[in-house]
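I opened the model to look up a few local features and kept short notes as I went.

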Amino acid sequence: MAIAKAERLMNLALCLLGTRRPLSKRELRESIEAYLEAGSDDSFNRMFERDKDDLRELGLVIETVEGLDGEIGYLARRDSNRLPPITLDAEEAAALGLAAKVWQQARLAGAASGALQKLRAAGLPEDVDPYGPHGALEPRIPVHEAAFEPLMLACRDRRPVVFDYRKASAVQPEQRHVEPWALECWRGHWYLAGWDRDRGAERVFRLSRITGKVRSRGGRCTAPVPDVVTVRETVASWAGETADRSARIRLRSNAGYPLRAKATAVRELGDGWDELEIPYGHGLDAWLVEFGPDVVVLEPAELRADVVDRLRAVAKG
């Protein structure tokens, strides 16, 4: 089925690019075998409209022209579908090459490879190798969450979604209705920024906490997308990266290296424990819980209480 559709789209594109005058739907149907095999006029019309939309989404500029007799015709002028010459220096070509090598997923790898092929066709000099100058670099952005691909497509198509999400402080997941804006990787984890319809506010979701399938919802997104979607800034604030106060904790020796890396002061207590002073911001309690019995909060009191509440919730679950 995929091969048949690709062949049909190619034939339609060739017809529209090869004509000097607009072709009517009737003429296109008579010229393309797959359209001749359509069972009815309605079936052909639906197929033709889908194919036309698919070609436009791929970047083909298709003009709609009304003839003197009122009949609608279609054509794709070569001048409108020709990219201008592309001029890239060695550094720019290297940047594109590295970007194309980032993705491990088949869907994104194909798109990146196709983009480089289009640049070659548009005039990228053959002697410029986008991979060569930094061929020793092998950048990778791993994606293990099943939610990544459906959310990526939803962001692209501006489609609302619904999924079950388990907060760090909750035992059971809750259903969330979200208008997705952007996906971003920060410190090895993927996050989704979007508009939470139930809460009427912007929210950021960690993909590893999405349970079950991401399901699309009918209708369009209604909340305006900000000019700048600050995924990293939001997550950094939650993780205490922008904290303006400190917390004191006891940490078991030879444990909690990420906490030690953030510490502004470390003091050995003996008996296998150290005392650390670390930045305190939103979300620090959730992070400390991940270290289990290796961490004891000394102060402030509200942080200690939050950590205890989270540990009790985990124990009950």
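Where is the place of Arg-20? I found Arg-20 in the loop between helix H1 (2-18) and strand E1 (23-24). I note that the model is predicted.

Next I asked whether Arg-20 is buried or exposed. Its relative accessibility is 85%. The cut-off for exposed is over 50%, so Arg-20 counts as exposed. I also looked up a C-alpha separation: Arg-20 and Ala-76 are 56 residues apart along the chain, and their C-alpha atoms are separated by 9.0 Å.

**Sheet**

I then turned to an open sheet of 4 strands, with the order E10-E11-E9-E12 and antiparallel pairing. Which strands stand at its edges? They are strand E10 (265-270) and strand E12 (295-299). Each has a single partner strand, so one side of each is left without a neighbour in the sheet. From one strand to the next, the twist averages 30°.

I checked the pairing of E10 with strand E11 (residues 273-280): it is antiparallel and runs over 5 bridges. In the register, Gly-270 stands opposite Trp-273 in E11.

**The loop between E10 and E11**

Asp-271 is found in the loop between E10 and E11. I read its phi as about 55°, which is positive although Asp-271 is not a glycine. Its relative accessible area is 80%, so I list Asp-271 as exposed.

**The loop between E9 and H9**

I looked for another positive phi and noted Asn-254, a residue other than glycine, with phi near 60°. Asn-254 lies in the loop between E9 and helix H9 (257-262). Why does Asn-254 count as exposed? The relative accessibility of Asn-254 is 65%, and exposed means over 50%.

**From E12 to H11**

Which peptide bond did I record as cis? The bond from Glu-299 to Pro-300 is cis, with omega near 5°. I placed Pro-300 in the loop between E12 and H11.

Last, I followed the chain into helix H11 (residues 301-316). Which strands does H11 lie across? H11 lies across strand E9 (245-252), E11 and E12. The angle I noted for H11 is about 150° to E12.

**Recap**

I have two positive-phi entries to keep together: Asn-254, near 60°, and Asp-271, about 55°. For the sheet I keep the order E10-E11-E9-E12, and for the loop after E12 the cis bond from Glu-299 to Pro-300.

Conventions: Residues numbered from 1 in each chain as written. Predicted model: local features only at pLDDT ≥ 70, side-chain atom pairs only at ≥ 80, totals over all residues. Heavy atoms only, no water. Helix = DSSP H or I, 4+ residues; strand = E, 2+ residues; numbered from the N terminus. Buried < 20%, exposed > 50% of the residue type's maximum accessible area, 1.4 Å probe, protein only. Pairing = 2+ DSSP bridges. Axes fitted to C-alpha atoms, helices over the stretch in contact; angles between N-to-C directions. Contact = heavy atoms within 4.5 Å.
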